[in-house]
Amino acid sequence: MNKAVELFGSDYSVYVRICRVALAEKGVEYTTHQVDIFADGGPPQDYLDLNPFGRIPAFRQGDFVLYETDAITAYVNEAFQGPELMPPDAQARARARQIMRLADNELYRHLVWGVFVPWKDQQPMPGLERADLILGELQRLAGENRMAGDQFSLADGYVYAMLKYFSMVPEGAEKLAKFAGLARFMELMSSRESIIFSQYPAEKS
Ligand SMILES: N[C@@H](CCC(=O)N[C@@H](CS)C(=O)NCC(=O)O)C(=O)O
């Protein structure tokens with residue numbers, strides 16, 4: 001019998017969403033503890049005891065604690081029954097991992113923090129300059145309708161969570177529309193149960 005699973009973070013967080021999608025795809029029941037990293041004074045000490053760097057999410061199962069989304073989602077995939085969330089083929093699996101790191105290093109940094117966040121704060125959006133390069137390369141690497149392989153994979157969750165924020169910015173949506181493969185991917189994913197269930201608060205308002 002598995003010990004109870006707990007996820008710590010906020011529903012607005014890209015990385016928390018990636019974990020929520022993985023847990024939902026796997027059919028794992030869990031409890032959510034809201035931790036707001038932007039609260040005055042930062043996250044509370046009992047959260048810093050789980051992740052001293054104060055970033056979200058963190059995951060706990062009994063006395064087993066993890067942070068870093070890559071580690072959390074890989075553990076969820078391997079430790080629980082349910083559909084496999086990485087492609088079975090070695091090359092497709094490598095491609096999925098490549099795309100997840102590209103998401104961390106390019107999408108999150110330049111399209112979320114360089115476009116969505118400044119747009120929200122009515123600031124200039126430096127990430128827009130790099131968007132064509134990132135989107136072009138992502139589309140070149142991605143498979144048809146899925147980032148890698150034929151079935152949903154963790155790479156799909158990573159890319160959707162990040163491109164969703166980018167697509168909420170009018171200039172981002174305009175750029176994304178020029179990449180038909182990625183636009184089709186976003187459309188296809190948007191009707192998935194795990195994606196609807198994990199919507200950002202900003203999508204609902
Ligand atoms: N590498 C971490 C990144 C997590 C991350 O950056 N989370 C953001 C929210 S989406 C955060 O906590 N930012 C606050 C900070 O960097 O201090 C992971 O994969 O979990």
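Here are some short exercises on this predicted model, each with a worked solution.

Before you start, residues are numbered from 1 along each chain as its sequence is written. In this predicted model, local features need pLDDT of at least 70, side-chain atom pairs count only at pLDDT 80 or more, and totals for chains, interfaces and linings use all residues, while side-chain values use heavy atoms and leave out hydrogens and water.

**Exercise 1. Find the domains and describe where they meet.**

Step 1: Split the protein into domain 1 (5–79) and domain 2 (90–204); bounds like these come from an automatic or database domain assignment.

Step 2: Check the spacing: the C-alpha centres of domain 1 and domain 2 are 21 Å apart.

Step 3: Look at who touches whom. In domain 1, 18 residues are in contact with 23 residues of domain 2, where contact means heavy atoms within 4.5 Å.

Step 4: Now the area. About 1,700 Å² is buried between domain 1 and domain 2, and carbon and sulfur atoms give 63% of it. (Buried area is the accessible area, with a 1.4 Å probe, that two parts lose on being put together, summed over both.) On the domain 1 side, Val14, Tyr15 and Arg17 lose the most area to domain 2, together 37% of what that side buries.

**Exercise 2. Work out what links the two domains.**

Step 1: Count the salt bridges across the interface of domain 1 and domain 2: the rule finds three. It asks for a side-chain nitrogen of Lys or Arg within 4 Å of a carboxyl oxygen of Asp or Glu.

Step 2: Ask which helices supply the domain 1 side. Helix H1 (14–26) and helix H3 (69–79) are the elements that give two or more residues to the side touching domain 2. (Helices are DSSP runs of H or I with at least four residues, strands are runs of E with at least two, and both are numbered from the N terminus.) H1 brings the largest share, nine residues.

**Exercise 3. Track down a salt bridge between distant parts of the chain.**

Step 1: Start from the total, which comes to 10 salt bridges by the rule.

Step 2: Pick out Arg60 and Glu6, whose closest N and O atoms are 2.9 Å apart.

Step 3: Place both partners: Arg60 is in strand S3 (residues 58–61) and Glu6 is in strand S1 (residues 5–9), 54 residues apart.

Why can such pairs form? Side chains of opposite charge can pair when their charged atoms come close.

**Exercise 4. Explore the ligand's surroundings.**

Step 1: List some residues around the ligand (a heavy atom within 4 Å); among them are Ile56, Pro57, Glu68 and Thr69.

Step 2: Take Ile56. One of its polar backbone atoms is 2.9 Å from a nitrogen atom of the ligand. The peptide bond from Ile56 to Pro57 is cis, with omega near 10 degrees, and Pro57 lies in the loop between helix H2 (45–48) and S3.

Step 3: Take Glu68. An N or O atom in its side chain is 2.7 Å from a nitrogen atom of the ligand. Glu68 has a positive phi of about 85 degrees although it is not a glycine, and it lies in the loop between strand S4 (64–67) and H3.

Key: Polar contact = N/O pair within 3.5 Å; in protein donor to acceptor, adjacent residues only side chain to side chain.
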